[in-house]
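Please open the model in a viewer and keep the selection panel at hand. The tour below proceeds from one selection to the next and states what is to be found at each stop.

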Amino acid sequence: MASIAIIGGGIAGLAAAVSLTNAGQKVHLYEATKAGGGRTRSYRDNLFGRELDNGQHLMMGCYRETLAFLQAIGAKPEHTIFFQRNLAVDMVREGGREVTLRCPALPAPLHLAAGLLAMRGVGSLHKASAMRAGLMLRNEVRRPDDNETCDAWLRRLGQTNTIRSVFWEPFIWATLNDDPLVSSAAMLMAVIERAFLGTRDGSRLGMPIIPLSKLYVERAIEFLRSRGSEVHLGTPARKLCISNNRVTGFTLKSGETVEADTVITAVPPHALLDLLPDNHHSHPVFHDIRRLKTAPIVNIWAHVDRSPFPGKPFVGLVHSPLHWMFDRSHIEGERTGKVLLNATISGARAFVEDSQSSLQQLLADELKRFFPHRPLAIHEVRVIKEKRATISHAAGTYHWRPEARSPVNGLWLAGDWVRTGLPATIESAAQSGHDAASLVLAES
Ligand SMILES: Cc1cc2nc3c(=O)[nH]c(=O)nc-3n(C[C@H](O)[C@H](O)[C@H](O)COP(=O)(O)OP(=O)(O)OC[C@H]3O[C@@H](n4cnc5c(N)ncnc54)[C@H](O)[C@@H]3O)c2cc1C
């Protein structure tokens, strides 16, 4: 009998398991795949002869729950994550001209104000519009609610097209994984508050130096096993067993039954609905979950003979479908041999059905368009499409996300998409896992 069982071994499930194990509970975690990690994972890629991430993952200094999880499993973020000292972002325009944002070592939010004022590559009219938005955020205008789109909100704040294209829109695509025309301004505000209005450290960006599975997954599994909890990899759950509105366990795809009086599901929305017995689908909470849509991310990995932006870990591309480019070799401290480049397309609905060859051509075309003075040779290319990378944060959809406490007794919901107050990110996943664990402990 597994008294506390967790279904799903992504960040949310692992964070819940680590938290409960740390509190002295024995946990059984059931993960469908052989390695776990879910949407934050890496794998051995034979074409590249190395580990590749399923997609470049960024974090910010304000990822408190993620950093706590990493500390708990002994992952030592100071050695495994390349963190900027202060927020610094370089945006490149077609032809190679740059817009640079460097935030100085001042307390938040002055660091951002000073960074925006000193931004190079944009005129003072546009900087003034960003500054005005900053001032208005401090309670001078009505805060956005979840029905307002980012686009409508930026228009309300009088943001110029230029400051939108070099600052706001790249930030929105990156954090909300969706088009500013549809995504929720309230969700954006949640990120702004944590990243820019807390401490200066909150806004600095972090990039893992080591493969994602090594950083987040393998250590967590080792930690759990060494503390007496059990991790069952390659063991998909099939259906939850619910009797008199109380969970009693679940069946596995293998046909076995796992008995448990407390179950945390830490799977994406579609997987939770698959686990749910048919007679529970009509409950309003589960009915709303069905309404949540998803947004894809496409990552293009390429070996190139030299970096298009030498000396920099990453750049953003203004008005390009390739939102960001990362020099993984630079981030990992590898200065010899071929350069491993990553190009990320967020909210990639328009590209997710494209062939590998057309995406490879897109990469070649954009490299020529943005870095015409640094021609380079492209060698191996790998395209990774995550069709359901995150839920869509379209305006007006937040209230469909469920609370951690489900309508079924003993059943708790975790995952980046539950109601954490944050967009679906690693941080939201870690927070959801910690929240579910705290609720379970409070009830035991
Ligand atoms: C390409 C890409 C780039 C991203 N970039 C960033 C970024 O830069 N910064 C950031 O913060 N976030 C980023 N994200 C989002 C981040 O990856 C997710 O928010 C996070 O990984 C979600 O974790 P989770 O545990 O909630 O869900 P998942 O990772 O989906 O984990 C769910 C787990 O449940 C398992 N499972 C499903 N069904 C069953 C079943 N029936 N039985 C047992 N197990 C089951 C799955 O195999 C999976 O391991 C990105 C996502 C993608 C795809």
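Two strands are taken as paired if DSSP finds at least two bridges between them. The model toured here is a predicted one.

**First stop: a hairpin**

Select residues 42-45, which are strand 3, together with residues 50-53, which are strand 4; the two run antiparallel and are joined by 4 bridges. Which residue of strand 4 is the bridge partner of Tyr43? Colouring the pair will show that Tyr43 is matched with Leu52. Next, display Arg44, which stands opposite Glu51 of strand 4. The two strands form a hairpin, with 4 residues between them. In that turn, select Gly49, whose phi is positive, at about 65°.

**Second stop: two backbone features in loops**

Move to Lys76, in the loop between helix 2 (64-72) and helix 3 (77-80). Lys76 is not a glycine, yet its phi is positive, at about 45°. Then select Ala108 and Pro109, and inspect the peptide bond that joins them: it is cis, with omega about 0°. Pro109 belongs to the loop between strand 8 (98-102) and helix 4 (110-117). As background to both selections, most residues other than glycine have a negative phi, and most peptide bonds are trans.

**Third stop: the domains**

Colour the chain by its domain assignment: domain 1 comprises 4-40 + 210-292 + 397-443, domain 2 comprises 104-199, and domain 3 comprises 294-391. Between the C-alpha centres of domain 1 and domain 2 the distance is 34 Å. Now restrict the view to where these two domains meet: 9 residues of domain 1 are in contact with 7 residues of domain 2. About 560 Å² is buried between domain 1 and domain 2, and carbon and sulfur atoms give 58% of that area. Which residues of domain 1 lose the most area to domain 2? Select Tyr398, Leu422 and Pro423, which together account for 62% of what the domain 1 side buries.

Polar features can be displayed next. Domain 1 and domain 2 share 3 residue pairs in polar contact, counting pairs with both residues at pLDDT 80 or more. By class, the side of domain 1 that touches domain 2 has 3 nonpolar, 4 polar and 2 charged residues. The count of salt bridges between these two domains is 1. Select also Arg194 and Glu427, whose side chains meet in a salt bridge with an N to O distance of 3.7 Å.

**Fourth stop: a link across the sequence**

The structure as a whole holds 25 salt bridges. One of these to display is formed by the side chains of Arg349 and Asp178, at 2.8 Å, N to O. Why does this pair tie together parts that are 171 residues apart in sequence? Arg349 lies in the loop between strand 18 (339-345) and helix 13 (356-370), whereas Asp178 lies in the loop between helix 7 (161-176) and helix 8 (185-196), so the salt bridge connects those separate parts of the chain.

**Last stop: Glu169**

Finish in helix 7, where Glu169 is placed. Apart from its neighbours within four places in sequence, Glu169 is in contact with Arg164 and Pro180. Add Val318 to the selection: Glu169 and Val318 are 149 residues apart in sequence, while their C-alpha atoms are 9.2 Å apart in space.

Conventions:
Residues are numbered from 1 along each chain as its sequence is written. This is a predicted model: local features need pLDDT of at least 70, side-chain atom pairs count only at pLDDT 80 or more; totals for chains, interfaces and linings use all residues. Side-chain values use heavy atoms; hydrogens and water are left out. Domain bounds come from an automatic or database domain assignment. Contact means heavy atoms within 4.5 Å. Buried area is the accessible area (1.4 Å probe) that two parts lose on being put together, summed over both. A salt bridge is a side-chain nitrogen of Lys or Arg within 4 Å of a carboxyl oxygen of Asp or Glu. A polar contact is a pair of N or O atoms within 3.5 Å; within protein, one must be able to donate a hydrogen and the other to accept it, and residues adjacent in sequence count only if both atoms are side-chain atoms. Ala, Val, Leu, Ile, Met, Phe, Trp, Tyr, Cys and Pro count as nonpolar, Asp, Glu, Lys and Arg as charged, and the others, Gly among them, as polar.
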